[in-house]
Amino acid sequence: GNGSKLVCLPVQHWSRRISQSIDTTLWASFLLITPHGTIYYGADSGYFIGYKEIGKVYSDPLTLKSIQANKELIQTYKLNNELIYDFSQPIIDTQNRLLGVIRIGVLSDIITNEIGRLIRYALILGGLFLLFSGLAIYFLAKAAVIDPLAKLTLGVKRLGKGDLNSK
């Protein structure tokens, strides 16, 4: 109704349910095309040549770039004035063939909030570390330096008063 379209597309998947014969159930993938962007949902399909055909018909620059990258890729784009990070990781088989790409899109606000939360935790943990380190240094210095100096000072004062039996 709002200029969006849901497209049913093929996938490769065998099926077998209780009381059914093998491969009697249909499986499908879906493509949601909106004025703001396109989302492909492939569910649990196995890899098949149809992906290439789907890509030819329903391609977008971000997907094409992530498929062609052959390495980790981070892209950004705007959707409804919100910055989105698109993370892509290719899946390569043992013969160095591209099997597919895992893509995850994350709003920049979520990343910013998480970074802020991690920084707060790091500052709290850092402050606690400094506090306990300072206390440990104080007690070690007190036991190793301050207490012996206090005893030595007391002994010197006693010696100064003529107490030669002072230890």
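Contact here means heavy atoms within 4.5 Å. Keep that in mind as you work through these exercises on a predicted model, in which local features need pLDDT of at least 70 and side-chain atom pairs count only at pLDDT 80 or more, while totals for chains, interfaces and linings use all residues. Residues are numbered from 1 along each chain as its sequence is written, and side-chain values use heavy atoms, with hydrogens and water left out.

**Exercise 1. Confidence**

Task: Find which element has the lowest mean pLDDT and which has the highest.

Solution:
- Step 1: pLDDT is the predictor's confidence in each residue, from 0 to 100. The protein averages 82, and 95% of the residues score at least 70.
- Step 2: Elements are DSSP runs numbered from the N terminus: helices (H or I) of at least four residues and strands (E) of at least two.
- Step 3: Helix H2 (residues 61–69) has the lowest mean, 71, and helix H3 (residues 108–160) the highest, 93.
- Step 4: A caution for reading any model: where pLDDT is low, the predicted coordinates should not be read in detail.

**Exercise 2. The sheet S1-S2-S3**

Task: Work out which strands are at the edges of this sheet, and what stands opposite isoleucine 33.

Solution:
- Step 1: Two strands pair if DSSP finds at least two bridges between them. The order S1-S2-S3 describes an open sheet of three strands with antiparallel pairing.
- Step 2: Strand S1 (5–9) and strand S3 (37–41) each pair on one side only, and these are the edge strands.
- Step 3: From one strand to the next, the twist averages 15°. Angles run from 0 to 180 degrees between N-to-C directions, with axes fitted as lines to C-alpha atoms, for helices over the stretch in contact.
- Step 4: Strand S2 (residues 29–34) runs antiparallel to S3 and is joined to S3 by five bridges. Opposite isoleucine 33 you will find threonine 38 of S3.

**Exercise 3. Serine 29**

Task: Decide whether serine 29 is buried or exposed, then list what surrounds this residue.

Solution:
- Step 1: Locate serine 29 in strand S2.
- Step 2: Buried means under 20% relative accessible area, exposed over 50%, and partly exposed in between (1.4 Å probe, protein chains only). Serine 29 has 0% relative accessibility and therefore counts as buried.
- Step 3: Leaving aside neighbours within four places in sequence, serine 29 is in contact with Val7, Cys8, Leu9, Pro10, Val11, Tyr40, Tyr41, Gly42 and Ile54.
- Step 4: The side chain of serine 29 also reaches the backbone oxygen of proline 10, at 3.2 Å.

**Exercise 4. The sheet S4-S5-S6 and H3**

Task: Describe how this sheet is built and where H3 packs.

Solution:
- Step 1: The sheet is open, with three strands in the order S4-S5-S6 and antiparallel pairing.
- Step 2: Its edges are strand S4 (73–79) and strand S6 (98–107), each pairing on one side only. The twist averages 25° from one strand to the next.
- Step 3: Nine bridges pair strand S5 (residues 82–92) with S6 in the antiparallel sense; aspartate 86 has glycine 105 of S6 as its bridge partner.
- Step 4: H3 packs on this sheet, touching S5 and S6, and the direction of H3 makes about 70° with that of S6.

**Exercise 5. Three residues of this sheet**

Task: Compile the burial and the contacts of glutamine 75, glutamine 89 and isoleucine 102.

Solution:
- Step 1: Glutamine 75 lies in strand S4 and is buried, at 6% relative accessible area. Outside its neighbours within four places in sequence, glutamine 75 is in contact with Leu62, Lys65, Ser66, Ile84, Tyr85, Asp86 and Ser88.
- Step 2: Glutamine 89, in strand S5, is partly exposed at 35%. With neighbours within four places set aside, glutamine 89 is in contact with Glu72, Gly100, Val101 and Ile102.
- Step 3: Isoleucine 102, in strand S6, counts as partly exposed at 46%. Not counting residues up to four places away in sequence, isoleucine 102 touches Phe87, Ser88, Gln89 and Ile91.

Methods: Polar contact = N/O pair within 3.5 Å; in protein donor to acceptor, adjacent residues only side chain to side chain.
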